[in-house]
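Please load the structure in your viewer and keep the selection box handy. We will go from stop to stop, with something to select at each one.

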Amino acid sequence: MGCGSCSSGGCGTSESAVSGCGSKGTCGTGGCNKMNVFDWLSHMDVPASQRFDVVEVKFKGGRKEYFRNINQLEFVTGDYVVCEMASGQHIGAVSLQGELVRLQMKRKNVVINDDMHVIYRIATEKDLDKHTQAMAREMPTLYRTREIIREMKLNMKLSDVEFQSDNTKTTFYYSSEERVDFRELIKALASEFKVRIEMRQISLRQEASRLGGLGSCGRELCCSTWLTDFKNISTAAARYQNLSLNPAKLSGQCGRLKCCLNYELETYIDALRDIPTVDAPLKTKKGNAVLQKTDIFKKIMWFGFDKDTNWYPVAIDKVMEIIALNKKDILPESLDILTPEPEKSIEKIPGKLNSDLENLDKKYSEEQKKKKKKKNKSGKNKNHANKPQATASPATDSK
């Protein structure tokens, strides 16, 4: 929703399904811009006296602010309105109104007071033309300002420029790792563009959210589509998830650790509560098994021996049993066979005294018998060799 032609189905929205305008996020009507909120209370009619008079308005880069609707104007989500600013006026799009605004302000701890700016009117064609002209000045101003920064040799990175709709103020968004003295820069910019200058320093994550881009997952950056709160991310999140501590793979477009490392962190922490900590190698009769990796959700730990290139999967229950056996100085046969085999003991049959001597006598007597048998066999072979062999005389024919 939010497109001015949604009621007629001009952007592909029908009563049965919402198909979108098909412009892949470059819709000029405001229906596909980032940080859109679905107003699920828009179909409910609330009396004008009970209607919440604060409206949420969205500006360039997904920035949202709250303004009072003191004139009780009727808005549709996506309408452009002229809002009051600290100096002058600015045009933004209505992103949310009604009771949902009250909930958003409560979540962000925004207090309603008399100093809150107001909405003057719905933007006219003349206001929109002036706003378009102001936006057309942003890119040339950005390039020219970067040239001035290089000439002054300032250690800062200018990422975006935003002109106010009435061309009275310009906000320059920059990032820097150190404190920058830009007093001379402001003087040069004020004389160059003839507007009021405001320098606003942003973090690298905010810079990436304003510029946008594609992540390593192939999707648009989370910070430029839906993520608004940037939480601290440490390398401990990667360790809990058994990820390799490679800065090239763990860093996002902003050069900091990826925000998605925190998405599944709580799930991994809950799963790790059942997995034992292996501080030392597991001792078995086959050798010492060193932990190589852990499959957290399958509850399997992989171990490898010192001089073996293969890894062996072991269930968590067996790992805990092996650790308990090692604490008792018991070595299991291997990672699979935990119960050690009993040693083969020679059962001693009670017998007579000097039974060892009798066994020796039997042994030698058996050897002597074997020797006699061999001599007898060799003597018989010699006798057969000395006997004369009978030769047959040739037979003669008698006449």
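The tour below visits a strand and its partners, a pair of helices and a sheet. Keep in mind that this is a predicted model.

**Stop 1: strand E1**

Select residues 54–58, which make up strand E1. Is this strand mostly covered or mostly exposed? It is mostly covered, with five of its five residues buried. Now show the side chains: Val54, Glu56 and Lys58 point one way from E1, while Val55 and Val57 point the other way. The residues on both sides are buried, the charged-looking names Glu56 and Lys58 included.

**Stop 2: the partners of E1**

Add residues 64–68, strand E2, to your selection. E1 and E2 pair in the antiparallel sense over five bridges. To find one of these pairings, look at Glu56, whose bridge partner in E2 is Tyr66. Then follow the chain through the hairpin, where five residues lie between the two strands. Pause there at Gly61, which takes a positive phi near 80°.

Next, select residues 89–97 to bring up strand E4. E4 also pairs with E1 in the antiparallel sense, over four bridges. Which residue of E4 is the bridge partner of Val57? Click on Val94 to see it.

**Stop 3: helices H2 and H3**

Move on to residues 125–136 for helix H2 and residues 138–152 for helix H3. Their axes come within 5 Å and cross at roughly 25°. Angles under 35 degrees count as roughly parallel, so H2 is roughly parallel to H3. To view the contact, select Ala134, Met135 and Ala136 on H2, together with Glu138, Met139 and Pro140 on H3. By class, this contact has five nonpolar residues, one charged residue and no polar ones.

**Stop 4: a four-stranded sheet**

Where does the open sheet begin and end? Its order is E9-E10-E11-E12, with antiparallel pairing. The edge strands are E9 (282–284) and E12 (311–315), each pairing on one side only. Turn the view to follow the twist, which averages 40° from one strand to the next.

Inside the sheet, select residues 287–295 for E10 and residues 300–305 for E11. These two strands pair in the antiparallel sense over six bridges. Lys293 is a good residue to click, with Trp302 of E11 standing opposite.

Finally, add residues 316–327, helix H9. This helix packs on the sheet and touches E9, E11 and E12. Compare directions as you rotate: that of H9 makes about 90° with that of E12.

Notes
Residues numbered from 1 in each chain as written. Predicted model: local features only at pLDDT ≥ 70, side-chain atom pairs only at ≥ 80, totals over all residues. Heavy atoms only, no water. Axes fitted to C-alpha atoms, helices over the stretch in contact; angles between N-to-C directions. Parallel < 35°, antiparallel > 145°, perpendicular 65-115°, else oblique. Contact = heavy atoms within 4.5 Å. Nonpolar A, V, L, I, M, F, W, Y, C, P; charged D, E, K, R; others polar. Buried < 20%, exposed > 50% of the residue type's maximum accessible area, 1.4 Å probe, protein only. Pairing = 2+ DSSP bridges.
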